[in-house]
Amino acid sequence: MRLRIVAVGRLKAGPERELVDRYLDRAAKSGKALGFTRLDSREYVESRAARSDDRRAEEATAIVADLEPGTALVALDETGRGLSSEDFARWIAARRDAGCGDLVMAIGGPDGHGPAVRTRADLTLAFGVMTWPHQMVRLMLAEQVYRAMTILSGHPYHRA
């Protein structure tokens with residue numbers, strides 16, 4: 001299974017970028033033995049439309065247009081479900097075990113996700129009810145993907 005984190009907006013060089021890259025590299029190395037063949041990320045340009053509904057729609061359309069048939073999609077959104085790290089790891093493993101070839105985890109732009117992503121998502125996931133800056137969400141998601149790999153590999157989990 002291939003894993004991809006996609007985000008609207010550019011993550012600039014700095015400590016957040018370094019940490020995201022570190023967690024994605026560690027997750028990719030851990031994931032190979034677990035059947036995760038590739039882990040990468042992609043950035044989408046923020047829409048310049050005047051209305052927020054139009055910006056959301058344009059950004060969501062771009063994300064969905066790049067999905068291969070059969071791709072599982074996770075939309076990060078404050079209205080989504082909260083999952084424990086173990087449950088998130090099990091959700092990912094269930095997709096892998098069902099033969100899903102691609103899993104994309106999408107972080108929307110400043111206005112959130114448009115209808116194309118919301119209706120297409122297999123899971124809408126929240127990191128709590130607080131509002132987080134997009135660069136922090138990207139970092140937290142990269143860390144949770146790495147944590148999922150360690151959980152699935154049987155590494156002792158400090159909360160278990």
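Helices and strands are DSSP runs numbered from the N terminus, and in this predicted model Phe127 is placed in the loop between β5 (123-125) and α5.

**View 1. Surroundings of Phe127 in the loop between β5 and α5.** With a relative accessibility of 25%, Phe127 is classed as partly exposed, because that class covers values between the 20% limit for buried and the 50% limit for exposed residues. Apart from residues up to four places away in sequence, Phe127 touches Leu76, Trp132, Val137, Met140, Leu141 and Gln144.

**View 2. Surroundings of Leu76 in strand β3 (residues 72-81).** Leu76 counts as buried, because its relative accessibility of 9% falls under the 20% limit. When residues up to four places away in sequence are not counted, the residues touched by Leu76 are Met105, Ala106, Ile107, His113, Leu125, Phe127, Val137 and Leu141.

**View 3. Residues of the "binding site" listed by UniProt.** The unreviewed UniProt entry gives Leu76, Gly108, Phe127, Gly128, Val129, Met130, Thr131 and Trp132 under this heading. The lining of the largest pocket includes Leu76, Gly108, Phe127, Gly128, Val129, Met130, Thr131 and Trp132.

**View 4. Surroundings of Met149 in helix α5 (residues 134-152).** Met149 is buried, with a relative accessible area of 0%. Once its neighbours within four places in sequence are left aside, Met149 is in contact with Leu3, Ala27, Ser30, Gly31, Leu34 and Phe36. The C-alpha atoms of Met149 and Ala89 are separated by 7.2 Å, although these two residues are 60 residues apart along the chain.

Note on methods: Residues are numbered from 1 along each chain as its sequence is written. This is a predicted model: local features need pLDDT of at least 70, side-chain atom pairs count only at pLDDT 80 or more; totals for chains, interfaces and linings use all residues. Side-chain values use heavy atoms; hydrogens and water are left out. Helices (H or I, at least four residues) and strands (E, at least two) are DSSP runs, numbered from the N terminus. Buried means under 20% relative accessible area, exposed over 50%, partly exposed in between (1.4 Å probe, protein chains only). Contact means heavy atoms within 4.5 Å. UniProt positions are given in the numbering used here, feature names are shortened, and annotations may be inferred rather than shown by experiment. On a 1 Å grid over the protein atoms alone, a cavity is a set of points where a 1.4 Å probe fits but cannot get out, and a pocket is an open set with protein on both sides within 12 Å along at least five of seven lines; lining residues have an atom within 4 Å of a point.
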